[in-house]
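Thanks for making time this morning. I would like to walk you through one chain, beginning with its cysteines, so please have a look at it first.

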Amino acid sequence: MHTFCALFFLLAATALQVEIAVTLECNGLEDLCELKIDQVTYPGSHNAGSGFDGILKYWSGVHCSSCWYRNHGKSFSEQLAFGIRYFDIDTCYGKKEALNCHCTGSRKDCCYSGSIEKGLTEIDSWLKSNLNEVVIIHFNRDSQTGYRKEIAKSLEATLLKLWPPTSTRGLAMNTYFKKNQGRWPTLKEAIRRNQRIFIFMDNGLMQHLGSSHDWVVQSNHYIKSSWDTVKVTSSCSSITTNAKSKCDSRNTFMSLAAFGSYGLCTWDMAKVCSRWIGEAQEACYQKRKPYRKTVNFLLVDWLDYYSGEESVANKAKFMNQKNIKEYLGKDIFIPELQD
């Protein structure tokens, strides 16, 4: 009897702790719990898997030039610890599974950096230790041509293995959107259900999965990017110009591309371009505000090149301050900034 009572009170206390944890904060801020997924701004990692597992390689085994192909120096776990909550992922196929990569289209021009499963397993481990966090993963249009069916099938197998949406206990992919006539859940709802992972996939991949899956959303219909490779100039000022022209949009999600590509190494580009993110996000927000939309994804390379209030994580916090004011009518104090 004493053993039963002790077990009962232990389980009750654990449940209470989980409930208290959920009500405290969501993705770092208490008031974000009441916002829907599409009303939140997420710090994002462009081409997130290119370099998470060390130096990228060609299929021959020769090292690729990090200058051109590597977008980050941190693993997925380290990116999460830095504050990243949106992962933009390029995919290719080799060794009988989907890989993180940086491709220019053909197989011979792809550089890979570890398997998709290895990267997602890092995300899985981190989320299981951080119960109040929600993550969005986007398998984008930059997938290896000629191998998209193989990539899609491998992604499907890995995602269902790690985060089956039918799970009643473990971490799962979110199915709320498709099960509720296109309505998005709040962060609190996603956390309480432990469906804390949202999967988006480009149609080039998703067309090979069929239409029955309720755990994946076709990104082409819902995410618009401000990226325009032709208009990125040597000063990166066109990041703001692109924001002004492309953010005048009613798309559900807006991805602000704060990176460039005009001849410098990716890390040098990051030093130049990331400093424009504050100005660009404000320009984008002003275009979206009349539609009661926000800037959802702040996408950068080499995310740790700027720290303190200039970091992408804190730029997202500033934008979420505006989101809470816009959607909840509340003024909030931003917690101490991340170093």
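**Disulfides and a central strand**

Counting the bonded cysteines along the chain, the disulfides follow the pattern 1-2, 3-7, 4-10, 5-6, 8-11, 9-12, where a disulfide is a pair of cysteine sulfur atoms within 2.5 Å, and by this rule there are 6 disulfides. Please keep in mind that this is a predicted model, in which local features need pLDDT of at least 70 and side-chain atom pairs count only at pLDDT 80 or more, while totals for chains, interfaces and linings use all residues. Residues are numbered from 1 along each chain as its sequence is written, and side-chain values use heavy atoms, with hydrogens and water left out.

Cys 64 and Cys 111 form one of these disulfides, with their sulfur atoms 2.0 Å apart, and the pair links distant parts of the chain, since Cys 64 sits in the loop between strand S1 and helix H2 and Cys 111 in strand S4, 47 residues apart. Helices (H or I, at least four residues) and strands (E, at least two) are DSSP runs, numbered from the N terminus. Cys 111 counts as buried because its relative accessibility is 0%, buried meaning under 20% relative accessible area, exposed over 50% and partly exposed in between, with a 1.4 Å probe and protein chains only.

Let me turn to strand S5, residues 135-143, where 7 of the 9 residues are buried. S5 pairs in the parallel sense with strand S2 over 5 bridges, and also with strand S6 in the parallel sense over 5 bridges, pairing requiring that DSSP finds at least two bridges between two strands.
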